[in-house]
Amino acid sequence: MPVTMILGLQNGDEGKGRAVDYLASKNVDVVVRPGGGNNAGHTVVINDNKYKFHLIPSGVMAGVPCYLGNGMVIDAEVLFEEIKSLEKQGCDCSKIKISSQAHLILPTHKRLEEIEEEKRTKKIGTTKRGIGPTYADKANRSGIRVGDCFLDDGTLTHIINVHLKAHEEKLKDEFSVDFLFSYLKDVRKYLGQYVIDNLSTVVNDHISLKHKVLLEGAQGTLLDLDHGTYPFVTSSNPCAGGMCVGSGIGPTKVDSVIGVFKAYSTKVGEGPFPTELDCEIGEKMRQVGKEFGTTTGRARRCGWLDLVALKYAVQLNGVDYLVMTKMDILDSFEEIKICTSYKSPALGNKQWPQFPTNNYLLETMHPEYISIKGWETDTTKIRSWKNLPTQAIAYISYIQSFVGVPIVLVGVGEERDAIVSLDLVSQAIWKK
Ligand code: IMP
């Protein structure tokens with residue numbers, strides 16, 4: 001039953017793409033992406049070549065079948081461009097399949113998001129990719145799914161009418177039935193060859209054949225619609241439970257859950273961020289860590305690692321193993337702080353060890369830190385645990401004992417092999 005999930009434990013941008021690439025390049029037969037859309041962005045660097053992914057699982061680099069699950073929202077134009085650009089870079093995209101049940105992000109959704117964000121008094125700071133309105137349409141049963149493009153003209157016209165009727169107040173007559181009809185015909189023309197019906201059965205067949213299946217998460221746990229810092233969240237469920245729904249497999253089929261986190265914290269968009277460093281230390285993290293969004297180019301907010309939030313995310317997802325990325329970004333810091341609890345005047349300034357699920361309460365939280373001396377050593381060439389500086393080992397050990405889950409891989413650079421791995425770690429994960 002070798003099914004492994006890889007998911008983000010913070011605010012997205014944890015470096016899941018390269019963790020997936022690392023494990024996929026070792027031993028994987030199929031990769032499935034269960035959720036999100038082109039609000040995500042992964043970069044994988046191989047031999048100085050940068051590959052950028054928004055919709056396609058970064059596991060495509062392993063040359064194995066890659067499936068875009070029913071839980072995804074897909075901007076067909078972006079997907080088509082991404083396939084073309086990866087093919088130009090020599091990637092084999094012929095094994096990509098898209099679930100017919102995934103929802104399409106339409107031009108109407110992007111326009112609706114503009115109208116809705118403009119009206120909000122407190123902005124969410126979305127990626128402006130039409131993600132929220134598409135998931136809202138899905139829940140409202142007025143969305144259009146990838147498979148709908150294959151229906152007969154009469155049925156497709158009916159579905160378009162339902163969609164436009166649901167938004168007539170906001171969109172007036174900005175979009176016509178004819179426009180969407182020909183748009184959807186183009187989707188069929190350009191992406192039809194990749195679409196597959198009942199992807200859930202295909203994935204379950206792989207599982208029955210004992211193939212090694214990797215589920216590649218998008219976004220991060222703190223952006224989860226139910227469990228994140230609502231309302232400053234995305235509109236899907238990037239947590240482990242959402243990944244089962246988004247790929248059509250049952251939770252009993254999942255063998256291991258790997259949680260990825262960065263050695264410090266970042267966030268794009270609005271919302272509470274207790275360990276944010278709005279000072280020169282944060283600026284140094286941003287510059288050294290190149291913390292600018294792959295998707296929108298926005299500068300990411302930076303701060304110390306928050307173990308209260310990390311422990312919450314580990315518990316929520318039932319994480320078995322941890323991957324810590326970008327430890328090398330802390331190489332030149334004299335002092336490194338780790339948040340181990342909060343204090344809030346709203347709670348009488350008592351120590352608060354738990355992550356508040358209420359965003360307004362979270363906003364009042366002040367971080368309580370422990371501090372360690374930095375290792376002040378270049379770790380980018382190190383590939384084995386025994387060569388890591390003592391203080392880096394102290395950092396890793398503190399984190400794993402605090403959250404109670406082992407760290408099995410540590411990222412120390414952008415390149416594919418810039419990873420310190422416990423010997424035989426991938427075999428251990430697959431054989432569990
Ligand atoms: P949306 O997903 O575009 O609706 O944006 C909602 C919130 O999630 C915003 O704060 C975004 O910046 C954030 N967000 C969505 N996807 C990602 C991601 O892949 N990485 C980091 N932040 C994201």
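Where in the chain is the place of proline 231? Proline 231 sits in the loop between β10 (213-216) and α9 (240-247), where helices (H or I, at least four residues) and strands (E, at least two) are DSSP runs numbered from the N terminus. Before I go on, please keep in mind that this is a predicted model, in which local features need pLDDT of at least 70 and side-chain atom pairs count only at pLDDT 80 or more, while totals for chains, interfaces and linings use all residues. Residues are numbered from 1 along each chain as its sequence is written, and side-chain values use heavy atoms, with hydrogens and water left out.

Let me stay with the backbone for a moment. The peptide bond that joins tyrosine 230 and proline 231 is cis, with omega about 10°. Asparagine 47, in the loop between β3 (42-46) and β4 (49-53), has a positive phi, near 45°, although it is not a glycine. As background, most residues other than glycine have a negative phi, and most peptide bonds are trans.

Now to the ligand. There are 17 residues around it, counted when one of their heavy atoms lies within 4 Å, and those that come nearest are Asp13, Asn39, Thr127, Thr234 and Arg298. By class, this shell has 6 nonpolar, 9 polar and 2 charged residues, where Ala, Val, Leu, Ile, Met, Phe, Trp, Tyr, Cys and Pro count as nonpolar, Asp, Glu, Lys and Arg as charged, and the others, Gly among them, as polar. The ligand lies between domain 1 (3-92 + 198-428) and domain 2 (103-194), because both give residues to the shell; the domain bounds come from an automatic or database assignment.

Some of these residues make polar contacts, that is, pairs of N or O atoms within 3.5 Å. A polar side-chain atom of aspartate 13 is 3.1 Å from a nitrogen atom of the ligand, whereas a side-chain N or O atom of asparagine 39 is 2.9 Å from a ligand oxygen atom. For threonine 127, a polar side-chain atom lies 2.6 Å from an oxygen atom of the ligand. Taken alone, the ligand exposes 470 Å², of which the protein buries 97%, with areas from the Shrake-Rupley method and a 1.4 Å probe.

Conventions:
A polar contact is a pair of N or O atoms within 3.5 Å; within protein, one must be able to donate a hydrogen and the other to accept it, and residues adjacent in sequence count only if both atoms are side-chain atoms.
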